[in-house]
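Reader: I'd like to go through the helix packing here and ask where each label comes from. Can you show me the model?

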Amino acid sequence: MAALYEGFTLCGLVPTQNASDSPIQGIELDGDSDHAVVTDSTRSVTLYKVSDQKPLGSWTVKQGQLLTCPAVCNFQTKEYVVVSDNKVIRVWKDEDLNIDKAFKATVSADVWRVHSAPGGEPVVLFQRGAVRLLDSLLSAPQQPIEDVLSEEEVIRWSTNIVAEKQHFVLFTTEQKGEHFLYVQRLNPNTLQKYRLEREDSGAPPLSFSASLRDKHINLLYLYPNGCVYQSVVAVRGPVELEGVQTLPRSLRLRLPVGEGKLGAASAVALDEAHVAVVGMPHPSARTGKDFLCIWNTNFQTLQAGKEMVGRIHGPVWCYLGKLFVPHGKALSVIPYECQKSSLASALGKLRHAGIAVSKSSVAVPSWNSLLHGDQPQGPAKIVDTRKSKLSRKSQSATALNVDQVLELIKTGPVEEVQREVEALVSRGDAQDLQLSVGQLACHLVARSQAETAFYTPGALAQLVQTQCLCHSVCPDLLLLALEHKDYFLCQLCLQLFPDIPEVVTCACLKTFISVPDGDVEMVSLEPDSVSFMEGLVAAGDRGGQQNGFSPPLFEEDSCDAHHQPKPPQHQDKKNPTLQLEACPVGLHKAVLLNEVLQTAYSDNFLLPHLKDLNAQQVILFLQYLQFVYLKFSQDVYTQTPGLRSPTMTQIIDWLCLLLDAHFTVLVMAPDAKGLLSNLESFVKSQVCAFSLVLTANDS
């Protein structure tokens, strides 16, 4: 999972005369993550303390002069370096008030960029592809500079990387529609040239970024059609290859750009599994606004999104957990967090060790089946008889294909749309469904949002039950089901979607806890989950032992195994509210609440959204958790294998999260006094249980 946190404005931006140009040339760190050197598109360099949004120093060249490359910090000498008017290299320190009075040298060829990185000396990249170390260049500024690039070949992007004490300068070029990558190694000096594969449309890449992972340089580049490719160059590869080599690429992400093309968009790798993209539309926003999004490239899912006000100016910079995004009239700094991606973390707390997987548990779509042709595991196919084959053959003559059904969804009546979608899903094989189910669901949801009278619950439920759909593919589906009070579809989504954001989970919880019991009791829900609740409610009402002991017998703070309990007659007087009571919510509402308890989540991301619940909703939910906890603690209750149900750990986790989010409110609420007292007893019971287990183990 990933998250974008509340950002802040580092500085304002001055619009450029050319609307297509960015007001910011570059942003570089100055020694640590809290100091950034910002170079505007004209004449100024400013040093900011990021945490305070405070400028610590600013330097400007004279009127008529122009900064032509971003300023960088020389980490070896603690000086700043910038180039003005393409050929004048300026070097100054913090204490220099006037940049014109500092050191400057004029070189013999136009400079493209100066690059600097911790652990390496700054290097100068010239517009014709030559590379020089800064110190050696300044010692003889007028030394001849060779041409590396061919005629009509121009540099489009460059960066540098220090790996294993080896300095690399990477830059991409364009020549007559072809794009190339140059990798310049320093000490010893070697140069490799690669040809990038062309897109069918012939469009050039919008952005590049490079990172070092596992002793390989990873180049990430974004095209206007939304395709994000990655190419890998080995750090310890061949020293020099003859001629131009074709650089292999792999498709890491295909962004949903709609019918148009991306404009001033940019992508940057955050880690091995997450990519930040700025300047693209949000999949659930149809207003054409630009967003900053974090995508998981392993699962092809949208992890976080934030709308950026104003026009996106193209590049985005990423340094040590912060994204620097110029947009509109401001340069924003947005902290982010990416958790390590794995199947276990993707499923969150959906599964627990030792818990049998129910037949309705989620099946994550296998992208390997699409790439390598592996057949997905599932129920055995029904053996085709000659009669069924003939019947299916006659039906296929009049059946609609995917494109025809998509056209029908736009204007067709509800009954016909539902019939054709269900027919298409029922006759499609698993591989075809993985490619078409997302399109069908998005088109159905889009029309339902545009036309209030159009809604196809049966078709949507069947699409979800294929297990080829997830929340990131169709983000508005679950919210649409809540809007239409389609609680069966909500239940299916909660069961089968492994990537539901915490804000949507809390929206479901708030709706379920607020809906009247009578409105839900008439709804058909998944039978196994209903059977579980019927068995739980019908379990013995007498207060049995809880996990082999009775918590109320223990003293306030005693967990001593040799402690003598009080006589039973004092038990009810001390904790009268611990007697089992009736379920505080209706049967079907309890079923829906159980689905929320079993939904995957991350504590850090869920806690802020839980605070949106009001006090009465929190108290009712805590009462229900108390009821389930007491039922689970009874020795007389035995769970039927195979039925979908929450675990004791999930119940305790939700109790703790709710108390963390609303403790101050609950303390002041008179209705919650007895409830909090009971919950305190639960905690002591758990502590004592673990204490007894540890004592027995030690003995």
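Author: What follows is a short round of questions and answers on labels and values. Keep in mind that this is a predicted model.

Reader: Fine. What does the secondary structure of the protein chain come to?

Author: The chain has 19 helices and 29 strands. Of its 699 residues, 49% are buried, and buried here means under 20% relative accessible area.

Reader: What makes up the exposed surface of the protein chain?

Author: About 33,500 Å² is exposed, with carbon and sulfur atoms supplying 52% of that area.

Reader: On to the helices. Why is α8 called roughly parallel to α10?

Author: Helix α8 covers residues 457-465 and helix α10 residues 487-496; their axes come within 10 Å and cross at roughly 15°. Angles under 35 degrees count as roughly parallel, so α8 is roughly parallel to α10. The crossing of this pair is left-handed.

Reader: Which residues of α8 and α10 meet?

Author: From α8 you get Leu460, Ala461, Val464 and Gln465, and from α10 Phe488, Leu489, Leu492, Cys493 and Leu496. That contact divides into eight nonpolar residues, one polar and no charged.

Reader: And why are α17 and α18 called roughly antiparallel?

Author: Check the angle: α17 (residues 615-633) and α18 (residues 648-668) pack at about 150°, and their axes are 10 Å apart. The label needs an angle over 145 degrees, so α17 and α18 are roughly antiparallel to each other. α17 also passes α18 in a left-handed crossing.

Reader: What is the contact of α17 with α18 made of, by class?

Author: There are 18 nonpolar residues, two polar and no charged. The α17 side includes Phe621, Leu622 and Tyr629, which meet a set in α18 that includes Trp654, Leu655 and His662.

Reader: What makes α11 roughly perpendicular to α17?

Author: Helix α11 (residues 502-514) packs with α17 at an angle of about 85°, with the axes 10 Å apart. Roughly perpendicular runs from 65 to 115 degrees, so α11 gets that label against α17. Leu509, Lys510, Ile513 and Ser514 of α11 make the contact with Gln617, Leu620 and Phe621 of α17.

Reader: How do you know that the contact of α11 with α17 has one charged residue?

Author: Lys counts as charged, and Lys510 of α11 is part of the contact. By class, this contact has four nonpolar, two polar and one charged residues.

Methods: Residues are numbered from 1 along each chain as its sequence is written. This is a predicted model: local features need pLDDT of at least 70, side-chain atom pairs count only at pLDDT 80 or more; totals for chains, interfaces and linings use all residues. Side-chain values use heavy atoms; hydrogens and water are left out. Axes are lines fitted to C-alpha atoms, for helices over the stretch in contact, and angles run from 0 to 180 degrees between N-to-C directions. Helices (H or I, at least four residues) and strands (E, at least two) are DSSP runs, numbered from the N terminus. A crossing is left-handed if the near helix is turned anticlockwise from the far one by less than a right angle, and right-handed if clockwise. Contact means heavy atoms within 4.5 Å. Buried means under 20% relative accessible area, exposed over 50%, partly exposed in between (1.4 Å probe, protein chains only). Accessible areas come from the Shrake-Rupley method with a 1.4 Å probe; for residues, only the protein chains shown count as cover.
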